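Please open the model in your viewer, with the sequence panel beside it, and follow the stops below in order.

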Amino acid sequence: MTVYLVGAGPGDPGLLTLRGRELLERCDALVYDRLADPRIVAMANPSAERIYAGKEAGRHALTQDETNALLVELGGRRACVVRLKGGDPFIFGRGGEEALALEAAGIEWEVVPGISSAYAVPAYAGIPVTQRGMAAQVTVVTGHEDPTKPESDLDWGSLAAAPGTLVFLMGVAALEQNAERLIAAGKPPDTPAAVIASGTRPTQRTVTARLDAIAQAAAGLQPPAITLVGEVASLHERLGWFERRPLFGRRVVVTRARPKASALAARLCELGADVVEAPAIVIEPLAFERPDLASYDIVCLTSANGVDALLVGDVRVLHGVTVAAVGRATAAAIAARGIVADVVAEQAVQESLVEALGDVTGRRVLVATAEGARPVLADGLRQRGAEVDLLHLYRTRRESVDGDAVMAADLVTFTSSSTVTNVLEALTGRDLGRLRAVSIGPVTSGTLREHGVEPLIEADPHDVEGLLEAVLRAAIQ
């Protein structure tokens, strides 16, 4: 039984260490704080006991003594306890206090360092904390001291005289006082300064100004935030890469089923979007009698979900069988199983595959698809003389949708007619004219129009890559 003090990093889930993620995925208890990003908390073992121990001004879920006692108690009865802390546990994270409590109680513990916001957040703002000719030294200090202390523990004279870069963690509420103290101790008022709020997250905001004006410039910024003082702060305007990404500041809703949503969400995050996952459907596998695939001339697959359900085990049974796919995404899922689709519809719609297959007179065809899907492919092939068997592999079920989150978004992506139907049912009574919809293809667009919503833009090609390009185009309209 071990308690692991794990640094969650500054916010971006991509900055979590491999060791940290490994422990989250197998922990049986999780104690997390306010600065642990929800996307990282969501990585924890679903069956783990979860306890919030966050602290913010005037409101503490648990005192530090209560947190220490909780870790000791959990460490005595749980095999793997993760204490998840923003940044690094041993850099103004009170991890040392928790380690001492565990040591005193005889509880096994380890620390997993995290990437500290002291340098990662400035990096995301395009500010190197060291720079040849500007800063050969970095001083990291707390910007928020215990307000009950009679006087500051910080040596403001030494800080004002220190060369290089000063990084204040936390303390946005004390920004004006800290700036005044530095100036009073001799720091030039015109020293460049920066405040970076919500660093490494899609809502990051960076403000720069002279030291004597930084408090006014940063008025309204909310924690978490860090303050940086030094010549390097002036580099933000030239090197501020993160806030220049094409979808930065845009909130985009992803409505597709959760296993597929995560991949799309990750791509949108890379482009700078503030992604809200609001899966409108759940994929439910159906029980079915596995057919003898070798007995067919043609096997048609209409989605990656169908590929996952049907192509399991030894795929060599498809030798000599024509494998046909609706769209590039389905073809890619087939390729991941070592098979190259013989026929791929140019457009990700069933009508396109009917045309691509051409003359199927007398051919025996299996159409593997979802329950409730449009019958266009099977009917079209029968009309062309094929003997068609229809196999339902899965169904989609409605998932509850946060209507407020959808309506507040800049863009809402729709990847199927079922996502349209389920989302718009959740928006009954709202002004759908405000909905900025991005559609994956003509069938989905048609369903949107049936509900009175004109798509802002339609993807071409009709797949995830096309959808990403459509979102980028829509963002500048």
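Begin by selecting the five strands of the open sheet that runs in the order β8-β9-β12-β10-β11, in which the pairing is mixed; keep in mind throughout that this model is predicted. The edges of this sheet are β8 (138-142) and β11, each of which pairs on one side only. If you compare the directions of neighbouring strands, they are turned by 20° against each other on average, direction ignored.

Now restrict the view to β10 and β11, which pair in the antiparallel sense over six bridges, and look for A197, which stands opposite R205 in β11. Add α7 to the selection: this helix packs on the sheet, touching β9, β10 and β12, and its direction makes about 150° with that of β9. A further helix to add is α5 (residues 117-124), which lies across β8, β9, β10 and β12 and runs at about 80° to β12.

Stay with α7 (residues 175-184) and show its side chains. Which of its residues are buried? They include L175, N178, A179 and L182, and because these residues cover an arc of only 100° around the axis, they sit on the same side of α7. An α-helix has 3.6 residues a turn, so residues three or four places apart point the same way. Turn to the other side of α7 and you will find E176 and A184, which are exposed. With the contacts of the buried residues displayed, you can see them packing against α6 (156-161), β9 (165-169), β10 (192-197), α8 (214-217) and β12 (225-229). Following the chain onward from α7 brings you to G186, whose phi is positive, near 115°.

Next, select D37, R39 and R201 together. D37 forms a salt bridge with R39, with 2.9 Å between the closest N and O atoms, and the side chain of D37 also meets that of R201 in a salt bridge at 3.3 Å, N to O. Because D37 lies in the loop between β2 (29-32) and α2 (38-41), while R201 lies in the loop between β10 and β11 (205-210), this second pair ties together parts that are 164 residues apart in sequence. Buried or exposed: how does D37 count? At 5% relative accessibility D37 counts as buried, and R201 is likewise counted as buried at 13%, whereas R39, at 32%, counts as partly exposed.

Move on to E98 and K85, whose side chains meet in a salt bridge (3.2 Å, N to O). Since E98 belongs to helix α4 (residues 95-104) and K85 to strand β6 (residues 80-85), the pair ties together parts that are 13 residues apart in sequence. E98, at 1% relative accessibility, counts as buried, and K85 counts as buried at 2%. Then select R19, E22, R26 and E110, which are joined into one network by salt bridges that share partners.

For the last stop, select the six strands that form an open sheet in the order β15-β20-β19-β16-β17-β18, again with mixed pairing. Its edges are β15 (281-285) and β18 (343-344), and because each has a single partner strand, one side of each is left without a neighbour in the sheet. Zoom in on β17 (residues 322-325) and β18, which pair in the parallel sense over two bridges; here the bridge partner of A324 is V343 in β18. Finish by adding helix α12 (residues 328-335), which packs on the sheet and touches β16 (298-301), β17 and β18, its direction making about 135° with that of β17.

How values were computed:
Residues are numbered from 1 along each chain as its sequence is written. This is a predicted model: local features need pLDDT of at least 70, side-chain atom pairs count only at pLDDT 80 or more; totals for chains, interfaces and linings use all residues. Side-chain values use heavy atoms; hydrogens and water are left out. Two strands pair if DSSP finds at least two bridges between them. Helices (H or I, at least four residues) and strands (E, at least two) are DSSP runs, numbered from the N terminus. Contact means heavy atoms within 4.5 Å. Axes are lines fitted to C-alpha atoms, for helices over the stretch in contact, and angles run from 0 to 180 degrees between N-to-C directions. Buried means under 20% relative accessible area, exposed over 50%, partly exposed in between (1.4 Å probe, protein chains only). The arc is that of the directions from the helix axis to the C-beta atoms. A salt bridge is a side-chain nitrogen of Lys or Arg within 4 Å of a carboxyl oxygen of Asp or Glu.
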